[in-house]
Every structure is written in C-alpha cells, then in structure tokens.
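Thank you for making time for this. I would like to walk you through one structure, beginning with how far it can be trusted and then moving inward, so please keep the picture in view while I talk.

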Amino acid sequence: MCHGEPRASRTQAVHRQAGQNAYPAHVHTHVKPDSATIVPLSYFYDLVKPLLAITIMKFVSLDASEVTVEEKLLIGVCDTVQCLSAKTLDDIPPGSVEDADIIAVWHTIHLTAELLDRFKKAKMVVRMGVGYDNVDVQAAGKLGIPICNVPNYGTEEVADSAMAHVLSLFRQTTPLAIRLANGDCIQGPDAIAEAAGQSCVRIRGRFLGLIGFGRIGMATAARARAFGFRVGFFDPWKVDGSCKALGVERFETLDEMLAVADVISLHCNNTKENTRMLNETFF
C-alpha cells in the first residue's frame, strides 16, 4: 500500500489506466499553452486501444513503495510494471522513465518541465489522487502528454477526517483524550465538564461554513447535517441548485458566510488564487 492510501482507490486508478472505466475520470490535455480541455479518460482510451492489441507497454510508478495491485491489474497490458520508490528527483535514474508508456505519480515527486521532457514515449501520466498541483500541466501540454487524475480518490476519508476535527472542536474529545493518555484521572460528570471547559458546547443548531463545495465539501456537508449542524457554502463555480438538492444554504460572498459561521472548513482547490487565502486579513 502506498503512503497509506486506500487499496480500493488504487484499484480504481489502475482500472482507469487499463481502460476499465467503472468510474468517471478525466484527462487534462492542453489545446493552447495557457488553456486546458477536459475529456473523459474513456475517450483517450479509445484513441490508444488499437495500440494495446499489438503493443505491450511499460508502467512506471515514480514514488510508490510497492506496485502489487498494479501488477495484478495490468496483466496483459503491461509486460513491465516498475516501482522506483523515489523520494527526490535524484532517485529517478537515467533510462528508468525514458521508455515508459504510462507513468504514475503520487504526492512526493513534482513533475517539473525538466522531468517531463524525459518522458519520451509517455502515452499518459496518472496522478494517483485528485489534485495535480505537483504536475507542471503547462509543460505537459506543450509536450502533448495527457495528465489523468482520480477524481473520487479519498473523498470519504477526507470528509471523515474533516468532521472528526470539527466534532473535537465542539466536544473537546481530543484534548480530553490527551489528558487521559497523560495519566490524568477525571471521574464524574462535573469533573469531565470542568476538564472540557467552556469550549465544549452543544452542536445542534451550530453553523458550519464550507469554502468549496466539490465532492469532499458535499460529503462533509452530508455528515455535518447528520450531527445537527446547519450547513452553508461559498463556491462561485458551483452550478445553481446544488444547495437545494442537499438542503444547505448558499452564500454569494465569503464575507456573508463568515458573518454567521461558527466554524469554517476549507475544501477548495489549491490554485494560485486560493493559496494562503486563510491569512491574517481573513481572520
């Protein structure tokens, strides 16, 4: 298992690489150096499918720790399934990627223009996750290399973790657990209430504000409503009607949501505009 990632997500990713599209995925290709067009991975597979009948390909995972799932799923598609376990660019030796047809990258390695230029035979690069901020997509576009991602990767796990932090914030479960782990003896309702402090408050009716309302934001909203939170979101790119479908409130500006929210959870993409948006001015 790579970097603690869910096995099912890896299976889905490799299914997409082999053309077994059980779930929607996308390929990001660049028509112009400064713009991108998104098409389904199945469309790209239709283009390379004739090659699969006559060609056995090479798959290289740059920064995975092992590739047992990939080896099993790529039987008959790739005669070579290689794992470099790279931690830095220096761990990618000459000749290891130049003849690779499919290259996968997790989180550790950044695909710079210099590294992408070494992918002489690449038919696709697969980012084994949702975001692709560790890939120079502009350079990949100029080289004609499609970049694929796994849109539904980690959706439930990240939403679960977000809710765990929110719940701990209101119910003080983490600070109390730390005190118990350190040997403190807290007995009786009054002692527990005193140890939790005034920050431990009732959840029902509190307002959770979500910045970004994509897959993970929506999954977090569903969990929060089950606990009794009122939920709203700010996402200027979300289509109209999303709030009605999920029973949440939509805000047209971030300031409007901040004025009523008891807690904020950030779920937007890591773009140039969004980087460090929660700064001193924000707070």
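Before anything else, I need one term: pLDDT is the predictor's confidence in each residue, on a scale from 0 to 100. I bring it up because what you see is a predicted model, and over residues 1-8 the pLDDT stays under 50, although the model still has 21 contacts beyond four places in sequence for that stretch. Residues 10-40 also stay under 50, and for them the model has 83 contacts beyond four places in sequence. Where pLDDT is low, the predicted coordinates should not be read in detail, so I will leave those contacts alone. For the protein as a whole, the mean pLDDT is 83, and 81% of the residues reach 70 or more.

Now the overall picture. The protein contains 11 helices and 11 strands, and of its 283 residues, 43% are buried. If we take the contacts with a separation of 6 or more, 53% of them are between residues 24 or more positions apart.

Let me turn to the interior. The largest nonpolar core has 22 residues, and those with the most contacts inside it are Leu62, Ile92, Ile109, Leu111 and Phe119. At least two residues of this core come from each of β5 (102-105), α4 (113-116) and α5 (137-143), with α5 giving the largest share, three residues. A second core, separate from this one, has 17 residues, among them Ile102, Met124, Val126 and Cys148. Returning to Ile92, we find that, beyond four places in sequence, this residue touches Leu62, Leu84, Ala86, Val97, Ile109, Leu115 and Arg118.

Several members of the second core also meet as strand partners. β5 and β6 run parallel and are joined by four bridges, and Ile102 stands opposite Met124 of β6. β6 is in turn joined to β7 (residues 147-149) by two bridges, again in parallel, and there Val126 has Cys148 as its bridge partner in β7. Between these two strands the chain passes from β6 through α5 to β7, in a β-α-β crossover that is right-handed.

What covers the two faces of β6, or rather, which of its residues are buried on each side? In a regular strand the side chains alternate between the two faces of the sheet. In β6 (residues 124-127), Met124 and Val126 are buried on one side, while Val125 and Arg127 are buried on the other.

The loop between β6 and α5 holds a residue I would like to single out, Asn134. Is Asn134 buried or exposed? Its relative accessibility is 7%, and because buried means under 20%, Asn134 counts as buried. Setting aside neighbours within four places in sequence, Asn134 contacts Val105, Trp106, His107, Ile109, His110, Leu111 and Arg127. With His110 it is 24 residues apart in sequence, yet the C-alpha atoms are 4.7 Å apart.

Finally, there is an open sheet of four strands in the order β10-β9-β8-β11, with parallel pairing. β10 (249-250) and β11 (263-266) stand at its edges with a single partner strand each, so one side of each has no neighbour in the sheet. Inside the sheet, β8 (residues 207-211) pairs with β9 (residues 230-234) over five bridges in the parallel sense, and Gly209 has Gly232 of β9 as its bridge partner. Across β8 and β9 lies helix α9 (residues 215-226), which runs at about 175° to β8.

Note on methods
Residues numbered from 1 in each chain as written. Predicted model: local features only at pLDDT ≥ 70, side-chain atom pairs only at ≥ 80, totals over all residues. Heavy atoms only, no water. Contact = heavy atoms within 4.5 Å. Core = buried A, V, L, I, M, F, W, Y, C linked by side-chain atoms within 4.5 Å. Buried < 20%, exposed > 50% of the residue type's maximum accessible area, 1.4 Å probe, protein only. Pairing = 2+ DSSP bridges. Axes fitted to C-alpha atoms, helices over the stretch in contact; angles between N-to-C directions. Right-handed = clockwise from strand over helix to strand, strands pointing away.
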